[in-house]
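The following exercises concern a single protein chain and are to be worked with the model in view. Each task is followed by a solution in steps.

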Amino acid sequence: MTAHHSRPFQALAALLLFTLSAGTLFAQTPTPAPTWPDRDGLRIAQEVQKRLGRLTNFGVFDWITFGFHGKTVVLKGYASRPTLKSDASSALKGIPSVESVDNQIEVLPNSPNDDRIRAAVYNRIYTQPSLRKYNANQGGIGRATGPQPNVALMAGGITNSPPVGFHAIHIIVKNGNVILYGVVNNEMDSSIAGMQANATPGAFSVDNDLIVQGQATKPKAK
C-alpha cells in the first residue's frame, strides 16, 4: 500500500475509535450501563476493529461502525450482502469481557436498479483524477473487477462481484438513494465526490457523509 492510500485508512481507523468512544450514541436508557475500565475498553476497541477489518466480504458498497452499550458491542451500518451481517457477528465471538453483540447492521435490498447505480456512482467518483488516490485500483469498475470478471457473479449484479482492494470512499445505495461514507483529505475532494454522485442518472438523492481528515464531527445514528 502506498503512502497515498495509508493516510485515509489511518483517518478511518481514528474515526471508528471516535465512534466507539462516544458510547452514549447507542445507549438505550438514560443511565449508562456498567462498562469496562478505560484500559480494558481500549483493548477491546482495538480487538473489535482488528476483527472487523479482517472481514473478507466487507467492501466499497458496505459500511460498518461500532460502539459500546455497557459490555455489549453495538454494530451499525449497511451490508450489501446478508453474509456480511452474520459474518460481523461471528467475527466478534469470543472476545474476553464482551457479554454480547447487538448487530443492528441493515441488509440492503437485492435490487438490479441499485446495482446499476452502485456501478455508475463508483465509476463517476473513482475515475476523477483528484479522487483516484482513494482507490487501490486507480480506475473504474472494469479495472477494479479485472479484465475477465466472473461471468456468473457479474450476472447477479455488481453486489455479487464488487470491486476489490482498498477504497476510502464507500458507496451505500438503498432504493435509489445514495450515501457516501469514509474519510478524505480535504473539503474539495468531499465536494467533488458529492457532485459526481449527484450527477449519476437514476440516483434519487445523495447524502454526503464523508469526513475530512482532522476535522471533528458528530457521528450520525442511522
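**Exercise 1.** Is T72 buried or exposed? Describe its surroundings.

*Solution.* The model is predicted. The relative accessible area of T72 is 16%. The cut-off for a buried residue is under 20%, so T72 is buried. Next, place the residue: T72 belongs to strand β2, which covers residues 72–79. Leaving aside residues up to four places away in sequence, T72 touches G67, S100, V101 and D102. With S100, the side chains make a polar contact at 2.7 Å.

**Exercise 2.** Which residue forms a salt bridge with K50, and how is the pair placed in helix α2?

*Solution.* The partner of K50 is E47, with 3.3 Å between the closest N and O atoms. Both residues lie in helix α2 (residues 38–53); because they are three residues apart, about one helical turn separates them. K50 is partly exposed, at a relative accessible area of 40%. A network of salt bridges links E47, K50 and R51.

**Exercise 3.** Where in the chain do the partners of the salt bridges D115–R118 and K133–D189 lie?

*Solution.* Begin with D115 and R118, whose salt bridge has an N to O distance of 2.8 Å. These two residues are in helix α4 (residues 112–126), three residues apart, and both are buried. Turn then to K133 and D189, which meet at 3.1 Å, N to O. This pair links distant parts of the chain, 56 residues apart: K133 is in the loop between α4 and α5, and D189 is in helix α7. K133 and D189 are both buried.

Key. Residues are numbered from 1 along each chain as its sequence is written. This is a predicted model: local features need pLDDT of at least 70, side-chain atom pairs count only at pLDDT 80 or more; totals for chains, interfaces and linings use all residues. Side-chain values use heavy atoms; hydrogens and water are left out. Helices (H or I, at least four residues) and strands (E, at least two) are DSSP runs, numbered from the N terminus. Buried means under 20% relative accessible area, exposed over 50%, partly exposed in between (1.4 Å probe, protein chains only). A polar contact is a pair of N or O atoms within 3.5 Å; within protein, one must be able to donate a hydrogen and the other to accept it, and residues adjacent in sequence count only if both atoms are side-chain atoms. Contact means heavy atoms within 4.5 Å. A salt bridge is a side-chain nitrogen of Lys or Arg within 4 Å of a carboxyl oxygen of Asp or Glu.
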